[in-house]
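Okay, thanks for coming, everyone. Let me put the structure up, and then I'll walk you through one corner of it.

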Amino acid sequence: MIGLPRERITQHVPRPLPSVVLVGRPNVGKSTLFNRLAGRRRAIVAPIAGTTRDVIAMPVSWQGATFQLCDTGGLFGASADPLRALVAPGGHRAIAGADLVLFVVDATDGKMLADEEIAAALRSSGKPVVLVLNKCDVNRAKAGGLEFYALGFEPVVEISAEHGHGIGDLLDQIVAHACHPGGETPRHPAPAAGEAKASDMDVERDLADEQIETAIAIVGRPNVGKSSLVNRLLREERMLVSEMAGTTRDAVDVVLSWRQRRFRIVDTAGIRRSGKVAGAGAVEAVSVLQSRRAIVSADVVVLLLDAVEGPTDQDGTIAGEADKAGRGLIVAVNKWDLMKDKGPDAGAVFDDELKRKLKFLEYAPLLHISAVTGERLPKLLETIDRVAEARRKRVPTGELNRFVEMISAANPPVVKGRRAVRILYATQVGIAPPTFVFFTNIATTFHFSYERFLVNKLREAFGYVGTTVRIQVRARSRKR
């Protein structure tokens, strides 16, 4: 089996954050509570049992202490989700690795059989538990809430996740039971659900604060292998994988450190055409919205294609969103192991067709990979790092203007019907994406072909691989 290269762990490996895991039957408000504690709408909330599938994790800080908060898919109680059997193992692994479990119940419903099943399972686990009575702002919650005290868990905190009542008290209990004063980890911390073990990944983990973190969004159409790719990179079954379209709903992010680089990888829901999403229901609509937000928030977007199906117009649409947002972009063709018997020219034929359909993405590196065999995944990580570095590159003004003088002398811009346009000087005004201002002798704009020429020359001269390069044109202000 081909995998990632084995790296020696040479530096101190910080202990992971204490892991605090939300557990409860479906629709008791776990995802609403997760969003409230995390301070942002990170988990999808819907009145549908089985909405949450993957384990979602985010760091949360309170009173100088920091812990990793994890939201799990439904493990107990009724659910019509066809992937329930695949969801449960991830949740059970999160509980096994937890430093503290938040057992969330619905005080308005009162104690139910599924709540008792969860209570029995948590007692067997031996994990510290805080019983969280949710929806206590509703009048009928008082009588129903009293039933849960008989379960024998302490402490018990009454809250309203929707309105924020009691959240401060709950955070105090989390810090008291999961963190030492000052935010230090417990003496025997378990791995946080959002981070893979160094021993499992066989890669270097260096989570020092000074380390630059690169945000990576794995995007593409449904069933191209996004979750399989993330699992392979982490070397653990972190993401739920199924042949069923729409398996991934939440945009799930995990941390991977490789060769002293820290990558935060976001596995996104598959993005279908707008017409199909419109008729698919609210959950998929929110999932796609999260995927698009992940593109905007990323440093580097990896567009994953299916080698067997080939490039589609929808792939071009997704890539266009990354290009418009100014993100770094890599095109990775997955399932290349299935193309081995297509003949020696299969790669060239595929690439020609891809470049024809996505011709505006000539700057994006193209890789043939396999999430199943691990083929070229080390190359993918190297390329991600190279693109991320290129987006942050700043060209010294002197070097830039020597370049401009040479280029404009050989290929000056011309505006029809007006006197010749001269580029007087240029300066870089931004990074990520690299942005340049060209000052000219008269107010004008460059023809799109000349702007494209300049962008290509900038990439060639300064190594701006895989990133959009933006150009602005201004007339030099006249001195009075």
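So, H13 passes H14 in a right-handed crossing. Keep in mind that this is a predicted model. H13 covers residues 397-410, and its axis comes within 12 Å of the axis of H14, with the two crossing at roughly 130°. That angle makes H13 oblique to H14.

Who's touching whom? From H13 we have Glu399, Leu400, Phe403, Ile407 and Ser408. On the H14 side it's Tyr450, Phe453, Leu454, Lys457, Leu458, Ala461 and Phe462. Sort the residues of that contact by type and you get nine nonpolar, one polar and two charged.

Now, on to the sheet. It's an open one with three strands, in the order E13-E14-E15, and the pairing is mixed. At the edges stand E13, residues 423-430, and E15, residues 470-475; each has a single partner strand, so one side of each is left without a neighbour in the sheet. On average, neighbouring strands here are turned by 25° against each other, if you ignore direction.

And how does H14 relate to all this? H14, which is residues 448-462, packs on the sheet and touches E13, E14 and E15. The direction of H14 makes about 120° with that of E15.

One last look at a strand pair. In which sense do E13 and E14 pair? It's antiparallel, over six bridges, with E14 running through residues 435-440. If you want a spot to zoom in on, find Tyr425, which stands opposite Phe439 in E14.

Technical notes. Residues numbered from 1 in each chain as written. Predicted model: local features only at pLDDT ≥ 70, side-chain atom pairs only at ≥ 80, totals over all residues. Heavy atoms only, no water. Pairing = 2+ DSSP bridges. Helix = DSSP H or I, 4+ residues; strand = E, 2+ residues; numbered from the N terminus. Axes fitted to C-alpha atoms, helices over the stretch in contact; angles between N-to-C directions. Contact = heavy atoms within 4.5 Å. Parallel < 35°, antiparallel > 145°, perpendicular 65-115°, else oblique. Left-handed = near helix turned anticlockwise from the far one by under 90°. Nonpolar A, V, L, I, M, F, W, Y, C, P; charged D, E, K, R; others polar.
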